[in-house]
Amino acid sequence: MHDEREVIETRIRRALRERIRPAVEGARVALDLEAWTAPGEPVSFAEAMAQSFEPIAVGQGWARPWGTTWLRMRGTVPAHWVEASVAASVDIGFTGVGPGFTAEAMFWNHDGSPRSGLHPERRQLLLDDVVAGDTVELILEAAANPPILPPVTPLGAWETAGDRPFYTLRRADLVVRNPEVEALVHDLDVLSGLMRVLALDDPRRTRILRSLERAIDALDLDDPVGSAGRVRAMLQPALAVRARDGEHTIIGVGHAHIDSAWLWPIRETMRKCARTFTNAVDLMDSDTDYVFVCSQAQQFAWIEEQHPALFERIRQRVADGRFVPVGGMWVEADMNLPSGESIARQLVYGQRYFDSRFGLRCREVWIPDVFGYPGSLPQIFAAGGCDRFVTQKLSWNKQNRLPHHTFRWTGIDGTSVLTHFPPIDSYNALVIPKELAHAVRNFRDHAWSTVSLMPYGHGDGGGGPTREMVERAHRLADLDGMPRVQLGTVDDFFARVEADIAADPAAVPEWRGELYFEMHRGTYTSQSNTKIGNRRAEHLLREAELWHAYLDGGPRAEIEELWKTILLLQFHDIIPGSSIAWVYEDAERDYARVNARLEAIVADALRQLAPSDLTVANAATHARDEIIEADLVPTTVPADAPVQVLASGRHAVRVRAPGLALGLATPDAVEGAVELGTSSMSNGLVSLVWDELGRLTSVRDERVGRELLRPGALGAEIELAPDFPNEYDAWDLESWARRNGETIDACDTIEIVDGGPLVGRVRVTRTFDASTIAVTYVVRAMSPRIDVELSIDWHHRERLLSIAFPWAVHADVAHCDIQFGHVARPTHRNTSWDAAKFEVCAHRWVDVSEPGFGVAVLNDGRYGHSVSDGIVRVSLQRGARFPDPMADDGHHDVRLAVFPHGGDLAAVAQAAEGFNLPLRVVRGVAAAVPAPLVTVDAPNVLVSAVKQADAGADLVVRMWEAIGARATVTSLGDGVVRTNLLEEPIAAPESAPLELRPFELITLQVRR
């Protein structure tokens, strides 16, 4: 027989494209249309219905970018459409990009409840309740969401997107649906897709090809509707061949990954959720096997508030086990940038919401699109009730491939969670044979496991599964040449995995430590104002809860709402800096509002707690003795306690304060003083020397007589490098960027701002092209910490601005602060795994140490770091052009610090905590300073929260061992109860001492 395979396959494709698919819709009649366009932001159904609508015709434009047009559609079902299956078929001007990235729409019921979402892959509204002769009136809310496409676009903000109509209405008809033709499309899609993934010499492929050829022979090209049944009958034998024994099983879970903001603002996400969730419950009504899983409690809360009727439908389907909450978090948050306490609250508020609304909690964390996973996460997840974890993002890795898809992930403290990376390498699967074949080939754990997961449905911008996907899944359920496909839940999947584990427990592989993502390293730095706003908010929330715990807990409901606002802004496309400009306009406005309110809440508590004498409030864990700069000064100052008036008009004075408590601001004598020369500054503990260009030529630890800088190197050098990544502007930072950079040496001025004896401050200003940076070095009496304050006017595009510290320290690893611990990362490039970590995320400090000596770089809001051969670089600013063409343009203030030490990482952790939680100086109305509520006497233990318990009058204290050593806390007294993150007891009461293993996180209920 001649080889006509390619000819036959081409024939099948053309027949499907030009004859069969178009025949799914038959006769049509146009609908009469009226429209009203909202003048600004979206309005409610009731408000829209109160407006005057004007006629509009197919071919006319509607709505400016981001605008909304409401359409009334009227028509009559023709009398001769007897027993026809009728639908409304609408094309509002969809572009070539997929669902969620172009115009979208919502059909509404006349009672004001959502009816059905519309997107490029779901253009029909089925009208099963209409018959011939009926009059139809439909209401459609159309959203002119523009496609946001690289390399540069003005469409990411309302003000720059333009005001001309962006889309043209293409079609609005009543149509006759031909279900048999639609079923034929699904048959052909599955069989032709299966055929193409089989090997050319596989007999099954040859037989399918011949079946398809005979079927197309039987198709009447002039009457595909009339011949569809005959063609389908000829294909049934090929579809009836069952999967082979021992085939892999793929459990398909319907899903719609909805970014809470990204290439659209949060307000549009709310509408995306309504459209997608309406479609999900509609599909459940028509297909009893369909299951939909949905993460992000915040999105449920939006529906509960804005669409109560839809929420009740969802609640019923949750009770049926078919609309399944997953993930247990408030949003699918970024995991690199939020603090450990923030991730804990993501789980607390997420789990509590699901429990209160649906009577269930999640066992899995579900974050398939997050940009890396620190090694402390397993412990946090487990403490929040989640012993399972699902993601797939590391399938994007550019250098290295993780060796497993199903495994135990063990964190830095030893806690493990059962983890799965779906080998289909997507959270937006389409349920096509090509994907399933890839999943089976790709799966790395066939030796012990027989099952994997497939999240399917249009996602990122929502949309979710379609009828077509579910129909393909039914045909692929048990089909020779394919894995078995079962529609189910995440619980169904993990139950199968746990059965495999029970059969061979020793076979389960393990991965220890962080799951580093080898892409999107630029997200540690992009949109730095958002990152600073988040860091400030996290610390203010800590203070608000701490100081009000001394009282009655304060405005707890309001604090919870402020927490939820910040948790939303930690979504994995907001805080990383990868969204459009509109998102950051909203975010910075929210941070300003939240942080101002938190400052007021903190001030109110301290006013009630502090006496009229000057008082110091210390929100850090441990006691402090340092020079502060304050607007207020004590009325009485001892003769041996100097006060320095600074150039800013503030006063410098030495004070002491206990940890997590208040103390009287009694000025004390100062040991040593800051002395400045024309090009040097010293306090007897550390010293600096600079040259005529303001470059640091020496940084010494005078306590041990050691130079910190490498021979011939300059300290705190400002570097500017090209930043033009291969693919994703705001996301990616490439390894070659710094290699092609230059040092900014130009010096405008060198100014001694404050000359001691308590504070020395020297400012160096440099201009480079359109940007300016002022670097201020600050030394305080009695402290080895050297502050580096940066004031940046940044107007560069596609550039990376960094500051470099070339330390004379020999260290193969750098210790990087992460949530509830730290991780050691290589400073060399021995392996491809090492080389991939050329830019890493660190929270409050990065340290390089030798035995007995080290230097840490502290920060108060910068996360991107590069450490190579002892050179520590901090990424300061980027200038990406997509998706926000003016990202980071403007003024930025950055605080860093250099902290030399004797090899004690506990001292580093304490210094970094204090650097981020400045002492407050206050006066109040109390009779006396209150006794400390909580005291922690282990130097390597830090506290992330002190708050009143959510139930009862006890305190809740969350703390962790910070340096990887064991710790003993003796200061908490008796009757302490360990709880989970949700403040539920997990052990019997304990008495002092309290033991913590390395990096252990504990939540305690403590008697007042």
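In this predicted model, F101 comes out as partly exposed, since its relative accessibility is 22% and the buried class stops at under 20%. Its ring partner, W264, is tucked away: at 2% relative accessibility, W264 counts as buried. The two belong to a set of 35 aromatic pairs found across the whole structure. Their ring centres sit 5.8 Å apart with the planes at 65°, so F101 and W264 make an edge-to-face pair. F101 is in the loop between β6 (85–91) and β7 (104–108), while W264 is in the loop between β13 (249–255) and α6, so the contact ties together parts 163 residues apart in sequence.

Other aromatic rings gather in a group. F277, F292, F300, F311, F323, W330, Y353, F354 and F358 make up one aromatic cluster. Rings also pick up charged neighbours: the charged end of K393 sits over the ring of W396, 3.4 Å from its centre, and that of R72 sits over the ring of F53, at 4.3 Å from the centre.

Then there are the charge pairs. Side chains of opposite charge can pair when their charged atoms come close. The whole structure holds 89 salt bridges. One of them joins D217 to R11, with the closest N and O atoms 2.8 Å apart. This pair links distant parts of the chain, as D217 is in helix α4 (residues 203–218) and R11 in helix α1 (residues 5–20), 206 residues apart. R11 itself is partly exposed, with a relative accessible area of 35%.

Another bridge pairs R920 with E599 (3.1 Å, N to O). Here strand β48 (residues 920–922) carries R920 and helix α16 (residues 581–609) carries E599, so parts 321 residues apart in sequence are tied together. E599 is partly exposed, at 36% relative accessible area. Salt bridges with shared partners also join E41, E104, E141, R267, E268, R271, K272 and R275 into one network.

E182 and R467 form a further salt bridge, 3.4 Å from N to O. It connects helix α3, home of E182, to helix α12, home of R467, 285 residues apart. E182 counts as buried, at 9% relative accessibility.

R467 turns up again at the second largest pocket, which has a volume of about 1300 Å³. Of its 39 lining residues, E121, R122, T466, R467 and E468 are the closest to the centre. Helix α3 gives the most to the lining, with 5 residues, and other elements supplying at least two include β8 (114–118), β9 (124–126) and α12 (467–475). By class, the lining has 18 charged, 12 nonpolar and 9 polar residues.

Definitions and conventions
Residues numbered from 1 in each chain as written. Predicted model: local features only at pLDDT ≥ 70, side-chain atom pairs only at ≥ 80, totals over all residues. Heavy atoms only, no water. 1 Å grid on protein atoms, 1.4 Å probe; cavity = no way out; pocket = protein on both sides within 12 Å on 5 of 7 lines; lining within 4 Å. Points joined across faces, edges and corners; volume = space filled by probe spheres on them. Helix = DSSP H or I, 4+ residues; strand = E, 2+ residues; numbered from the N terminus. Nonpolar A, V, L, I, M, F, W, Y, C, P; charged D, E, K, R; others polar. Phe/Tyr/Trp six-rings, centres within 6.5 Å; stacked < 30°, edge-to-face > 60°. Buried < 20%, exposed > 50% of the residue type's maximum accessible area, 1.4 Å probe, protein only. Lys NZ or Arg CZ within 6 Å of the ring centre and 35° of its normal. Salt bridge = Lys/Arg side-chain N within 4 Å of Asp/Glu carboxyl O.
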